[in-house]
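Got the model open in your viewer? Let's take a walk through it, one selection at a time.

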Amino acid sequence: MTQSHEHHPVTHADFEHGSECPCCSRSHRRTFIKTLSVASAGIILPSEWVKAATTRERLIKMHNPHTGENLRTIYWAPEFGYIQPAMNQINKFFRDFRENAIVPIDIDLLNILNYIQVNVGQRRTLELHSGYRSPATNRKLASRSNNVGKKSYHMRAQAADISVKGLSSRELKAIAKRINGGGIGQYRGSNFIHVDSGPVREWYY
């Protein structure tokens, strides 16, 4: 039996808390996801995720095949907001390991990854093939491949190339596409996809 879902746009108001909320009261409040829309089908609709993500802990579970490092951390909790020690851990994990350069990772990107994590399940791990890239690293990679943008969002710490074992890039792209929260790139002959928190767009190489 097919269930019908009421379609309505998700707005910034869905993430409004209040003056006492840890997210809002500390420094400047970040937009959770800049642009969201409700998809017609999926394991968890963005509208359902929004409700859960403002009341439950947000977890990210990743592995970096380049460094061999693993990451499993709760980076946001209702009672604390964004947890700085966890954010520091994430920033180091996403670092440009070639230059050992660490910068703060964009929060909107993390929340896109959390949406993907929720849909693939906590037992599965997101493989991080590329996180932050310094300009020097990006230039070097761009000289070797036409798939590397000269103005890549990786240099802004707003992009991640990821894969999940047991899922094809097509399946992973379908999950990421539901949130409509940024850019999505799929690469021919590869099992990973690119996601970023820039403008909503899509491409295929």
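One bit of naming before we start: helices (H or I, at least four residues) and strands (E, at least two) are DSSP runs, numbered from the N terminus. With that in hand, you can find His 154, which sits in the loop between helix 5 and strand 5. Bear in mind throughout that this is a predicted model.

**Stop 1: His 154**

Select His 154 and turn on a surface. Buried or exposed? His 154 is buried, with a relative accessible area of 2%; the cut-off for buried is under 20%. Now show what is around His 154, leaving aside its neighbours within four places in sequence: you should pick up contacts with Ser 130, Gly 131, Tyr 132 and Arg 133, and also with Ala 159, Ala 160, Asp 161 and His 194.

**Stop 2: Gln 158, in that loop too**

Move along to Gln 158, in the loop between helix 5 and strand 5. Gln 158 is buried as well, with a relative accessible area of 15%. Which residues does Gln 158 touch, once its neighbours within four places in sequence are set aside? They are Asp 106, Leu 109, Tyr 153, Val 195, Asp 196, Ser 197 and Gly 198. Try a distance label from Gln 158 to Leu 110: the two are 48 residues apart in sequence, and C-alpha to C-alpha they are 8.8 Å apart in space.

**Stop 3: helix 5**

Step back to helix 5, residues 135-142, and colour Thr 137, Asn 138, Leu 141 and Ala 142, its buried residues. Look down the axis of helix 5: these buried residues fall within an arc of 130°, so they line one face of the helix. The spacing rule behind such patterns is that an α-helix has 3.6 residues a turn, so residues three or four places apart point the same way.

**Stop 4: the sheet**

Switch to cartoon and pick out the strands. Eight of them form an open sheet with mixed pairing, in the order 3-2-1-4-5-7-6-8. At the edges stand strand 3 (81-82) and strand 8 (201-204), each with a single partner strand, so one side of each has no neighbour in the sheet.

Zoom in on strand 4, residues 126-130: four of its five residues are buried, so strand 4 is largely enclosed by the rest of the structure. Strand 4 runs parallel to strand 1, and two bridges join them; Leu 126 in strand 4 is the bridge partner of Met 62. Strand 5 (residues 159-164) runs antiparallel to strand 4, and four bridges join that pair. Select Ser 130 and you'll find Asp 161 of strand 5 standing opposite.

**Stop 5: Asn 64**

Go to the loop between strand 1 (58-63) and strand 2 (70-77) and select Asn 64. Asn 64 is buried, with a relative accessible area of 4%. Apart from neighbours within four places in sequence, Asn 64 is in contact with Glu 69, Phe 93 and Leu 128.

**Stop 6: the cavities**

How many cavities of 30 Å³ or more are there? The count comes to three. Begin with the largest, which holds about 80 Å³ of space. It has 14 lining residues, and Arg 95, Phe 97, Ser 130, Gly 131 and Tyr 132 lie nearest its centre. Strand 4 gives the largest share of that lining, three residues. By class, the lining of the largest cavity has five nonpolar, five polar and four charged residues.

The second largest cavity has a volume of about 40 Å³. Select its lining: Ile 112, Ala 176, Ile 179, Gly 181, Gly 182, Gly 183, Ile 184, Val 195 and Asp 196. At least two lining residues come from each of helix 6 (169-179), strand 6 (183-186) and strand 7 (193-196). Five of the residues in this lining are nonpolar, three polar and one charged.

**Stop 7: helix 6**

Finish on helix 6, whose buried residues are Ser 169, Leu 172, Lys 173, Ile 175, Ala 176, Arg 178 and Ile 179. What covers them? The cover includes helix 2 (46-53), helix 4 (107-120), strand 5, strand 6, strand 7 and strand 8. Last selection: Asn 180, which follows helix 6 and has a positive phi, near 55°.

Key
Residues are numbered from 1 along each chain as its sequence is written. This is a predicted model: local features need pLDDT of at least 70, side-chain atom pairs count only at pLDDT 80 or more; totals for chains, interfaces and linings use all residues. Side-chain values use heavy atoms; hydrogens and water are left out. Buried means under 20% relative accessible area, exposed over 50%, partly exposed in between (1.4 Å probe, protein chains only). Contact means heavy atoms within 4.5 Å. The arc is that of the directions from the helix axis to the C-beta atoms. Two strands pair if DSSP finds at least two bridges between them. On a 1 Å grid over the protein atoms alone, a cavity is a set of points where a 1.4 Å probe fits but cannot get out, and a pocket is an open set with protein on both sides within 12 Å along at least five of seven lines; lining residues have an atom within 4 Å of a point. Grid points are joined across faces, edges and corners, and a volume is the space filled by probe spheres set on the points. Ala, Val, Leu, Ile, Met, Phe, Trp, Tyr, Cys and Pro count as nonpolar, Asp, Glu, Lys and Arg as charged, and the others, Gly among them, as polar.
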